[in-house]
Amino acid sequence: MSSPNRQKKIMCIGAGYVGGPTMAVIAAQCPDYRVTVVDINESRVRAWNSESLPIYEPGLHETVKKARGRNLFFTTELDSNIRDADIIFVSVNTPTKTFGEGAGKAADLQYWEQTARKIVEASESDKIVVEKSTLPVRTARAMERILNANEKGIHFEVVSNPEFLAEGTAIADLLNPDRVLIGSHDTDSGRRACGEIVDIFAHWVSEEKIITSNIWSAELSKLTANAFLAQRISSINSISALCEKTEADISQVACAMGMDKRIGNKFLKASVGFGGSCFKKDILNLVYICEHYGLVEVARYWRSVVDINEYQEHRFFQTMVRVMFNTVAGKRIALFGFAFKADTGDTRESPAIYIARRLLEENAVVVVTDPRALDNARKDLAPYNGAVEYVSDPCTAAKGAHAIAVLTEWEEYARLDYAKIYQTMVHPSFIFDGRNILDHRRLHALGFNVFPTGKPSLKHF
Ligand SMILES: NC(=O)c1ccc[n+]([C@@H]2O[C@H](COP(=O)([O-])OP(=O)(O)OC[C@H]3O[C@@H](n4cnc5c(N)ncnc54)[C@H](O)[C@@H]3O)[C@@H](O)[C@H]2O)c1
């Protein structure tokens, strides 16, 4: 396992939600490798080197502490680390393009391309370059052209190793992945490079879970996995709308459906909608690629997954306004949760952003509470500065409120003393459960008017 002569050097460019945790786990599991994570964002790097890490993930702090300073390093120094590295993972952001051709759909590859050019510039020897970011299928071809157009006679072998971790469970997912996928070219150097990456994960992942494929399949598998996950959420959410019209209960429908082994019971929770930096971006990217290849029907099919998500967020907001007598102006509304899911402070594409903005446009008084995401919420709602309150204690947030909207499935929200909360609220009091985590009958018995997602509402009028 350990190299007899020298420690292998791994570098990762991009110390974000993927690069940071992934490299921390590699370093912790592979003491025989030296792992350096480089980012251009100085404050992010400073935070990675401090006691207050730039992102929250259960178990991350312990993992970082285990390896930091031993064989895990965070720095802004690119050139010398590129020069010294044997293997370079690239985990920079690939957001949706906001300008020019493909704006609003295509992946913006400028950060990736800048990185590739930097690698060429600073390298003095052959290297393996690993696509860790989620990229459009066939990006490796473009990257190879840029990398191998050097005049130094250096060979860069591009390998795809997409990351399947989910935020909130990143460390558990990395330690015990469903699979690790490595795509490479079917050439001698491609197979050798693939073997080098397999060796890293083989330190802690069992052999049958490390799968290899051609490079295009690996690139496309990541986009497709995210598209299928998001599609399941949109499918159950579309049925939740029908449940609300027919007195069917989405949890009962999901349970009955999910017991069919062909369907499975995971990812069948109706909610206010999916968020996160990846699902929407990756589906839109898939749509763009399909359109590029003239597959109009396929593109339209996947686009509808995003459409249903937007519809679900809008439907949630509309229900709030409609049942609160068609006006929320001047009404205090407590948003329980702002992160796009529990156990993360990440608010990128969180449904809470949409709901908060729409309520603010209706002149509601919005109070945001979240155990991890208040700093990000402040940035997301910066244009509404002064009109929003940020409160860390949910009971305080609900004081004097007309309504509570549960937007993130933080466990602690299910355990609050709602009898006490009810006493402090304006009556009639409303609860909109966008995650179906509360005890709706009990809340109704306490006096609340309860509006779950995809279930009959429980009202007192
Ligand atoms: N967040 C997730 O849950 C997740 C999961 C799987 C895959 N992915 C994919 O992984 C990639 C990274 O996602 P993320 O969430 O970690 O993004 P992020 O925005 O959190 O991190 C990206 C980092 O790259 C840095 N960066 C950008 N250009 C750079 C450059 N030229 N040199 C050095 N650093 C540079 C940025 O400063 C930033 O810190 C994306 O392609 C994403 O689709 C994300």
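**Helix H12, the ligand shell and two domains**

In helix H12, the buried residues are Ala299, Trp302, Val305, Val306, Ile308, Asn309, Gln312, Glu313, Phe316, Phe317 and Met320 (buried means 20 or more other C-beta atoms within 10 Å of the residue's own, with C-beta atoms placed from the backbone). Keep in mind that this is a predicted model, where local features need pLDDT of at least 70, side-chain atom pairs count only at pLDDT 80 or more, and totals for chains, interfaces and linings use all residues. Numbering runs from 1 along each chain as its sequence is written.

**Helix H12**
- H12 covers residues 296–323 (helices are DSSP runs of H or I, at least four residues, and strands are runs of E, at least two, numbered from the N terminus), and its end C-alpha atoms sit 40 Å apart, which agrees with the 40 Å expected for 28 residues at 1.5 Å a residue (1.5 Å times one less than the number of residues).
- Its buried residues pack against helices H9 (215–246), H11 (279–292) and H13 (351–361), plus strands S12 (403–406) and S13 (430–433) (contact means C-beta atoms, placed from the backbone, within 7 Å).
- After H12 comes Phe325, with a positive phi near 65°.

**Ligand shell**
- Of the 26 residues around the ligand, Gly14, Gly16, Tyr17, Ser133 and Thr134 come nearest (near means a C-beta atom, placed from the backbone, within 6 Å).
- Helix H5 (residues 110–122) gives the largest share of that shell, 3 residues.

**Domains**
- The chain splits into domain 1 (8–205) and domain 2 (249–461), with bounds from an automatic or database domain assignment.
- Their contact takes 17 residues from domain 1 and 16 residues from domain 2.

Note on methods. Buried ≥ 20, exposed ≤ 12 C-beta atoms within 10 Å, placed from the backbone.
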